[in-house]
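Biologist: I am new to this structure and would like to go through it slowly, asking at each step what lies behind the words you use. Could you show it to me before we begin?

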There are 2 protein chains.
Amino acid sequence: MNLGMEKPYVVGIDIGGTNTVFGIVDTRGTILSSGAVKTQTYATATEYVDEVCKNLLPLIIAQGGIEKIKGIGIGAPNGNYYSGTIEFAPNLPWKGIIPLAAMFEEKLGIPTALTNDANAAAVGEMTYGAARGMKDFIMITLGTGVGSGIVINGQVVYGHDGFAGELGHVIMRRDNGRVCGCGRHGCLEAYCSATGVARTARELLAARTDSSLLRNIPAESITSKDVYDAAVQGDMLAQEIFNFTGTLLGEALADFVAFSSPEAIVLFGGLAKSGDYIMNPIQKALDANVLTIFKGKTKLLVSELKDSDAAVLGASALAWELKEIK
Amino acid sequence: MNLGMEKPYVVGIDIGGTNTVFGIVDTRGTILSSGAVKTQTYATATEYVDEVCKNLLPLIIAQGGIEKIKGIGIGAPNGNYYSGTIEFAPNLPWKGIIPLAAMFEEKLGIPTALTNDANAAAVGEMTYGAARGMKDFIMITLGTGVGSGIVINGQVVYGHDGFAGELGHVIMRRDNGRVCGCGRHGCLEAYCSATGVARTARELLAARTDSSLLRNIPAESITSKDVYDAAVQGDMLAQEIFNFTGTLLGEALADFVAFSSPEAIVLFGGLAKSGDYIMNPIQKALDANVLTIFKGKTKLLVSELKDSDAAVLGASALAWELKEIK
């Protein structure tokens, strides 16, 4: 890959429901400078883009100006790679279809690509992280929800409409499945997100009588972090919650392997950092459920990108890809 | 696509457990001539390849000789596209890893590609059939088993090891699932293959007492064709079997859409020809289970290739693809 040293930097912008963070990134994945704005403050997308550019431009100038920037990559909820638009994102203040990539291109004169955050994370991992050099892998982001970015033949899978890779919404429980945020029942996300773990904790605590450190916390305010802390202190119930969560996730991963036979599955997010408590049951369930022909072939990895940097790095990596398209 | 008119034909070879069929195919998908040998007759792969070539060569010569043939495509169980080998195919007489593509190349001096039969079917459908012009679709073959060929960005998904696309083996029933031929429980194939339909018939007939035309047939010899014939005659139990089968398949397809957001899902095989009896419940379950963002976007199609021709056409289409690689 010719990274085009005459334009040595890219910009990554990660748009979250609360914060927007952005940074200038070099070819090695070093964030040279960064900034942030509150996403919710701006009633229109135009005001929002103006404000981001106002904060971003000084950073760009400090690195030598627009001509040093190869491109801008944006990770955003409901981002459509093909059109560069955000479409009906429930957690953003701007309704309908917003042509965000075009708005940044127009404002700054820099080619801009946009996709959803999980796809951006996959490109980030392929460019700077645990999936360097891989052409076939699946990124699973375990956060408030469960997202995914699928890479096949070195390309992110966008599907015919730009929205492929919603693996958080495959159905894992067809009977009496939990209600998911998407309105359906039994989705992977309803069990294996951080909120799913907290739900499992509440369900188990209510259904059982054995003692647990988690009983010291008001049920409604239990978080997946609380479950982790209890597990580390040897709490059996907390460890069982991770077993349940990891087993269910491992079963799902076995199905994903049947689809694209990836070289690796890369897990990202708070839950993925719960160490053996979560990784052991995932690996065990993956091994137990995967089709014989795939047994032992797919590596289970944890993201190598720092949590705080990953969103900006992932978004920025999209901009290196841009170059190859143009 | 430049089909290279100086070499206007390709050869398709479909290797089944019982028969091997082959034919010379032109750019429009017309089979100009064809032949067959019994697969099981040949104790070694060398004898087998010799025999196929002995039968194939006169057909090639009749079309103007080796120099008119762009390539050979082979569809075979457990075929690995990357290596051109058949690996541990349970239904073929030759054990271990057989470098079949290389053997044909050596024997005939024609470039040869090989993949499994469902992937070949997908390439056939993309080249000559219902998926012409599509870059993102999923082919599901409903036969003795359930196979799949996944096309993303115009390329068949082979995965990192050459074996991707085993959608017949995603798990649809995690509790008390039927034993599948693969040794696991609850696979899609255990329900939605022709043998799965016959199993459903036997289970329902045993569990219930309502009358059915199927009760006139010894339970162990009921086939999916019998179920279809009964359904056509208005048999309620037979129609219920198709409802059950189609609903389960539609639920699976909804998960596949979440993966690659295909423009279409193309169904192939005897079951797919059971008309509304099977297509209505599939479509209904797909619509009911697909994530909102994908609703109404993915077409449900039936293969446009004639059953008798499809295997050879699919295999032959691989050979046009070959050209693009070289």
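Biologist: Why is B:Ser274 counted as buried or exposed, whichever of the two it is?

Modeller: Before I answer, please note that this is a predicted model, in which local features need pLDDT of at least 70 and side-chain atom pairs count only at pLDDT 80 or more, while totals for chains, interfaces and linings use all residues. Residues are numbered from 1 along each chain as its sequence is written, chains are lettered from A and ligands numbered from 1 in the order in which they are written, and side-chain values use heavy atoms, with hydrogens and water left out. Buried means under 20% relative accessible area, exposed over 50%, and partly exposed in between, with a 1.4 Å probe and protein chains only; B:Ser274 has 6% relative accessibility and therefore counts as buried. This residue lies in the loop between β12 (264-268) and α8 (276-289) of chain B, where helices (H or I, at least four residues) and strands (E, at least two) are DSSP runs numbered from the N terminus.

Biologist: Which residues does B:Ser274 touch, leaving out those up to four places away in sequence?

Modeller: B:Ser274 touches B:Tyr228 and B:Phe242, contact meaning heavy atoms within 4.5 Å.

Biologist: What makes B:Gly143 buried, exposed or partly exposed?

Modeller: B:Gly143 has a relative accessibility of 27%, and so it counts as partly exposed. B:Gly143 is placed in the loop between β9 and β10 of chain B, and, not counting residues up to four places away in sequence, it touches B:Ser193 and B:Ala194. Although B:Gly143 and B:Ala194 are 51 residues apart in sequence, their C-alpha atoms are 5.6 Å apart in space.

Biologist: What is notable about the phi angle of B:Ser261, and is the residue buried or exposed?

Modeller: Phi of B:Ser261 is near 40°, a positive value in a residue other than glycine, and with a relative accessible area of 1% B:Ser261 is buried. Its place is in the loop between α7 (236-260) and β12 of chain B. B:Asn78, which is not a glycine either, has a positive phi of about 55°, but B:Asn78 is partly exposed, with a relative accessible area of 26%.

Biologist: What is the largest nonpolar core, and which residues have the most contacts inside it?

Modeller: A nonpolar core is a set of buried Ala, Val, Leu, Ile, Met, Phe, Trp, Tyr and Cys residues joined through side-chain atoms within 4.5 Å. The largest such core has 106 residues, and those with the most contacts inside it are A:Ile140, A:Leu188, A:Phe256, B:Ile140, B:Leu188 and B:Phe256. A second, separate core of 32 residues includes B:Ile13, B:Ile24, B:Ile98 and B:Ala101. Leaving aside neighbours within four places in sequence, A:Leu188 is in contact with residues including A:Val146, A:Leu167, A:Leu248 and A:Phe256.

Biologist: How do you know how the two copies are related?

Modeller: Copies are superposed by least squares on the C-alpha atoms of residues with pLDDT of at least 70 in both. Chain A can be laid on chain B with an RMSD of 0.0 Å by a turn of 180° and a shift of 0.0 Å along the axis. The two copies are thus related as by a two-fold rotation axis.

Biologist: Why do you say that the copies meet through the same surface?

Modeller: Of the interface residues of chain A, 100% are also interface residues in chain B, so the copies meet through the same surface.
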